[in-house]
Every structure is written in C-alpha cells, then in structure tokens.
Amino acid sequence: MSSIVPVKEQRNFSLSFEKRLQTPPLLGLIVPVVSVILALVFSGIFLSLTGHSPIEIYRVMLEGAFGSWYGLSETVVKAIPLILTSLGVAIAFKMLLWNIGAEGQLYMGAFAASWVALTFPNLPAYIMLPAMVIAGMLAGGLWGLLPAIPKAVWGVNEVITTLMLNYVAILWVDYLVYGPWKDPNGFNFPLTAPFVDAATLPSWGTTRVHFGLVFGLVAAAILYVVLQKTRWGYEIRVIGESTKVAKYAGMNIARNILLVMFLSGSLAGLAGMAETAGITHRLQHGFSSGYGYTAIIIAWLSRLNPLAVIVVSFLFGGLLVGGYTIQSSGLPAATVSMLQGAILFFVLGGEVLTRYKIKLGK
C-alpha cells in the first residue's frame, strides 16, 4: 500500500514523494555509484577553490593506496577494523536501530582485551588470544546493550545515547593510558606497556596485515547466512521493514533489540581487540581514526549487505591510506574526512530516490 507525502504545494503545482512498493534492483545499484561520483565532483570543486587540481589529488590518492604492494597491504590493514565495525552497524541498521556508537564499542573492546593481556601476561597464546577475543566482544556487546535496554523498555531514541556513550568510552581509555595503566618506561606518552608476544595477533610476511582479516571475513560470511537463511535473520528483516507487521506476526521486538545491539557491539568490540593485538600491540590514546563513524557510510553504501561490506571497506581503506599520501601535496589528511562526509551526504540523498518516487502534479 503506497503512502503519499506532500512536500510543497503552490497555486497550480505540487511536489510529492510516493513510497515505492519495491526498489528496482538496477536502481539500487546505480544510485550508490552515482552518489559517489557526485561526491567526488562536489569535493573536487572545493579542492579547486584551494588552488589544487582535483584530478591530480585523486591520482595521488589512488597510487598511494593501490599503486604498490606496500600501499595495498596498508589498505587491507585499514580495511580490517572497518569490516568488523561496518558489519556491526549494518546488522543494527537492518532492524532500523541507529547504532551510532560503534566507535565507543570498539574502544571498550580494546580496553577489555588489553586488560586480559596486561593482567595475565604469563598465559600461553592459545589461551591468551581466545580470552582477549571473548573479553573484547563481551565488552563491546555490553556497551551496546546500555542504550538498547532503554530503547527496548521505554522506546528511548538510541541515536543520542549511542553517540554520547562514544565519548564516555574514549575518555575512559584516555583516563587509563594517561593514569593507572600508563607505561612508566613510555617517555611520558599516553600508552600502556607493550603486550607480550602471546597477546599479539600473527601477521603475514613483512606486512602489517594480521589475523584480524580472518575475523572480518568469517564474520561477514556468518552474518550473511544468519540474515538470509535463518529464522532470526528473517525476523530482523521483517522488523526492519515494518514493526507493526512484526508485532502482528507475534515477533518479540524487545528481545530482538537487545540481541541485535549486543551482536552489533560485539563485532565493534572485536575490531578493537584486533586493532590493539594486531597493530598497536598495546592500548594507546587515539588508536582509532574514527573507524566507528566511517562504518556508518560503509554500511549505507553496502546497502547493509555483509558481503558487500568487505568490498566497500577495502575501498574506504584505500581512501584512508590515500589521505595520508596527499599530505605530501600540501593538503591536510582531514581532506579525506571532508570527502567521506560528502559521500555520506550524497548517499543518504540518493536513498530518497530508491525509496520514493518523485511526482509532479497540479
């Protein structure tokens, strides 16, 4: 059943949005691509105003991210936390739970994994690493439950609560690395003592690509199967389409909110564990470059498809690596943040066209 929402009405002219009963598959593919192209054009205008050639800047970024073996490996390194956090965000968005707190859940996962590594340094690797994984996922999941409980019980909007909890988690980690967990041999830098070898994830060859990549690929495959082949996945999709229909069918909305938010936070927490155990090998201030926020863009561009998340995360990993490269051109790395913001803006705008038909009338 379609709904018509009048937006603007003049004397002999009206503009309205009519909700599509079904999105054409081709439109779902074209709109994200066109949105990214428009975002590149939009950002190119700003680059031109600063006196830089946008084509040259994009070329430098492309070569820096994909033009060498080192660039490719660094792109994969950046893609690992993006895959895991994006999967967490995607499953929450699938049920129309706006989890903006993946960044904080990532930090709490890193905190819990670091606690295991620093508290039990004598554990063998085959116990240490699984314990860090479990601790990281539990901490991230429980952090995701904090806004989920008021959402499930009282219907509290989760956008603000998840966003605010990001700051709490980041400041909590800062307190630890500036205070009680600060490495006395760290030359006053805000970081903990390095982990023992048993608490570090193995990496491939001379690159920094670590075992967290396997976590991301396996998680994406499992999540795809859960969403497409299981009854729980079916319930998540139905609730995401219509809460009223789900209630009519006897589905437990509150229970699913709690489960989905716990799973969403767990995946982000696993990203935090992988980042500390695979890259920094210690907990330190600002170890994440906003992976939890970038995950929101990736989830939308992937259209909440777990397998597509892998591809889009890889491209965004290249965007981050390319962003570091363009600093040699005199541009700040924050230019990448502007580009990401533009992509999100145009993707969300494009979503309107996939969900609604624009109708002109009198």
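Q: Which handedness does the crossing of H11 and H12 have, and what makes it so?
A: In this predicted model, the crossing of H11 and H12 is right-handed. A crossing gets that name if the near helix is turned clockwise from the far one by less than a right angle, and is left-handed if anticlockwise. The crossing of H11 and H13 is left-handed.

Q: What do the residue numbers and the computed values rest on?
A: Residues are numbered from 1 along each chain as its sequence is written, and side-chain values use heavy atoms, without hydrogens and water. Because the model is predicted, local features need pLDDT of at least 70 and side-chain atom pairs count only at pLDDT 80 or more, while totals for chains, interfaces and linings use all residues.

Q: Why are H11 and H12 called oblique to each other?
A: H11 (residues 291-301) and H12 (residues 306-325) pack at about 130°, with axes 9 Å apart. Angles under 35 degrees count as roughly parallel, over 145 as roughly antiparallel, 65 to 115 as roughly perpendicular and the rest as oblique. The angle of about 130° belongs to the rest, so H11 and H12 are oblique.

Q: How do you know which residues of H11 meet H12?
A: Contact means heavy atoms within 4.5 Å. By that rule Tyr291, Thr294, Ile297, Ile298 and Leu301 in H11 meet Val309, Val312, Ser313, Phe316 and Leu320 in H12. The contact has 8 nonpolar, 2 polar and no charged residues. Ala, Val, Leu, Ile, Met, Phe, Trp, Tyr, Cys and Pro count as nonpolar, Asp, Glu, Lys and Arg as charged, and the others, Gly among them, as polar.

Q: What does H11 meet in H13?
A: The axes of H11 and H13 come within 10 Å and cross at roughly 35°. Thr294, Ile297, Trp300 and Leu301 in H11 meet Gln340, Ile343, Leu344, Val347, Leu348, Glu351 and Arg355 in H13. By class, this contact has 7 nonpolar, 2 polar and 2 charged residues.

Q: What does Phe346 in H13 touch?
A: Leaving out residues up to four places away in sequence, Phe346 touches Ser35, Leu38, Ala39 and Phe42. Phe187, 159 residues apart from Phe346 along the chain, has its C-alpha atom 45 Å from that of Phe346.

Q: What makes a space a cavity, and how many are there of 30 Å³ or more?
A: On a 1 Å grid over the protein atoms alone, a cavity is a set of points where a 1.4 Å probe fits but cannot get out, whereas a pocket is an open set with protein on both sides within 12 Å along at least five of seven lines. The count is 1 cavity of 30 Å³ or more, and the largest cavity holds about 50 Å³.

Q: Which residues line the largest cavity?
A: Lining residues have an atom within 4 Å of a point. For the largest cavity they are Ser43, Leu47, Ile57, Tyr58, Met61, Thr335, Val336 and Leu339. H1, H2 and H13 each give two or more of them.

Q: Where is the centre of the largest pocket, by its nearest lining residues?
A: Trp300, Leu301, Ser302, Arg303 and Glu351 lie nearest its centre, out of 46 lining residues. The volume is about 1,600 Å³, and the lining divides into 27 nonpolar, 11 polar and 8 charged residues.

Q: Which residues lie nearest the centre of the second largest pocket?
A: Those are Ser289, Leu320, Val336, Ser337 and Gln340, among 11 lining residues. This pocket has a volume of about 210 Å³, and its lining has 5 nonpolar, 6 polar and no charged residues.

Note on methods. Axes are lines fitted to C-alpha atoms, for helices over the stretch in contact, and angles run from 0 to 180 degrees between N-to-C directions. Helices (H or I, at least four residues) and strands (E, at least two) are DSSP runs, numbered from the N terminus. Grid points are joined across faces, edges and corners, and a volume is the space filled by probe spheres set on the points.
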